[in-house]
Amino acid sequence: MKPRERAIRAFEERFGGPPEFVVRSPGRVNLIGEHTDYNLGFAMPMAIDRAIWIALQAREDHRVRLASLDFPQPVDFSLLQVGHVSGWGEYAHGMAWTLQESGYRLGGWEGVLASDLPTASGLSSSAALELALARAFWAVTPWEWDPLAVAQAAQRQENEWLGLGSGIMDQLIAAVGREGSAFLIDFRELSYEAVPLPTGVAIAVMDTRVPRGLVESAYNQRVEECRQAAEFFGARTLREVSWQDFQAGQERLEEPFRRRARHVIGENQRALEAADRMRAGDVDGLGTLMTASHASLRDDYEVSCAELDWMVEFALEMPGCQGARMTGAGFGGCAIALVDETAVQAFCEQVAGRYANRTGLEPDVFAVRAANGAEALSFNPS
Ligand code: GLA
């Protein structure tokens, strides 16, 4: 059963009637532009048709009560007593905290959550959960939905409540995604533009099933390395450093800062170039840029791992594959491939088989479509 139906059915069993609202919030893949957001550069993510769903109804008081069919332990707290907890409930407390800090007066609600988005695999289930929770808070109040403001509040929760240096990419795409399109995001201007996916190709997700070990500490370390590299060039962020500046100064820049800067500055250019290739319908050009992005993340930014590299290697050997790369923060999780639509089914089966033979791990390889951002729908049983 699909997660929407599972959430609704479980809600009805628990509360004895239909929900008032159903919220959907998508995961994402990033086509290109990795580890650029906290450097105020460019990226091109898309929301996908794997999502977190919440069936809910308003409460008269200040409690939030959320049972999950897919995560252990329910969440149950008062909006007047937000604090740190263990497990996924931390996100619910954190979102309540950040929204209240931003001046929203929140109301209580109760519901059931179901998901078909794998967790901890680089498809941004955390941002999907954050935006699902925000949508639930919005559903029970008359506020107008402001996707950028909500994404910023969710990022603040990651930075200040959870202590992660994350950029805003995942929250923003979960908020603004659109069916059929990726979005070119400019993180300095906080502007974004839909770029339709070329026709005739599909995006395949290849989940290595390697848990993303050490991702948090290594991520914060990369953020700091980039800050130091920018400082070397007398800039506030690497966005301000041009390729020419980099070439002129790189000899004097120590490792690993030199390679980190080379990745970020080159990746910004690749993301912009990829948008041009997509607009021109140049699938081959887009694929080549994606594969170059993987090499840079592996060799210069050092956030890949053997399993991601094998997955990308196997993908690139398949008929109809135009390009492949890791997606998300790295250190395990998922890679993606750009594959001719007619070849994608065979691609998924064969890549999965080769990877399983090589690693003994059972990967999950599936095609995704570009989907809309987080939304709340009044529940209509018909
Ligand atoms: C994680 C973070 C994002 C972004 C990516 C890497 O997904 O949450 O902000 O930095 O890693 O591109």
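**View 1. Tyr 219 and two aspartates in polar contact with the ligand.** In this predicted model, an N or O atom in the side chain of Tyr 219 lies 2.5 Å from an oxygen atom of the ligand. The side chain of Asp 37 likewise places an N or O atom 2.5 Å from a ligand oxygen, and for the side chain of Asp 170 the corresponding distance is 2.6 Å. On its own the ligand has 310 Å² of accessible area, and the protein covers 93% of this area.

**View 2. The residues that surround the ligand.** The surroundings of the ligand include Arg 28, Glu 34, His 35, Asp 37 and Tyr 38, and further along the sequence they also include Ser 166, Gly 167, Met 169, Asp 170 and Tyr 219, together with Gly 328 and Ala 329.

**View 3. The open sheet and its edges.** Six strands form an open sheet with mixed pairing, and their order across the sheet is S5-S4-S6-S3-S1-S13. The edges are formed by strand S5, residues 75–78, and strand S13, residues 375–378, each of which pairs on one side only. On average, neighbouring strands of this sheet are turned by 20° against each other, with direction ignored.

**View 4. Strands S4 and S6, with helix H3 on the sheet.** Strand S4, residues 63–68, runs parallel to strand S6, residues 109–115, and 5 bridges join the two. In this pair, Ser 68 stands opposite Leu 113 of S6. Helix H3, which spans residues 125–139, packs on the sheet and touches strands S1, S3, S4, S6 and S13, while the direction of H3 makes about 155° with that of S1.

Key: Residues numbered from 1 in each chain as written. Predicted model: local features only at pLDDT ≥ 70, side-chain atom pairs only at ≥ 80, totals over all residues. Heavy atoms only, no water. Pairing = 2+ DSSP bridges. Helix = DSSP H or I, 4+ residues; strand = E, 2+ residues; numbered from the N terminus. Axes fitted to C-alpha atoms, helices over the stretch in contact; angles between N-to-C directions. Contact = heavy atoms within 4.5 Å. Near = heavy atom within 4 Å. Polar contact = N/O pair within 3.5 Å; in protein donor to acceptor, adjacent residues only side chain to side chain. Areas by Shrake-Rupley, 256 points an atom, 1.4 Å probe, with all protein chains shown as cover.
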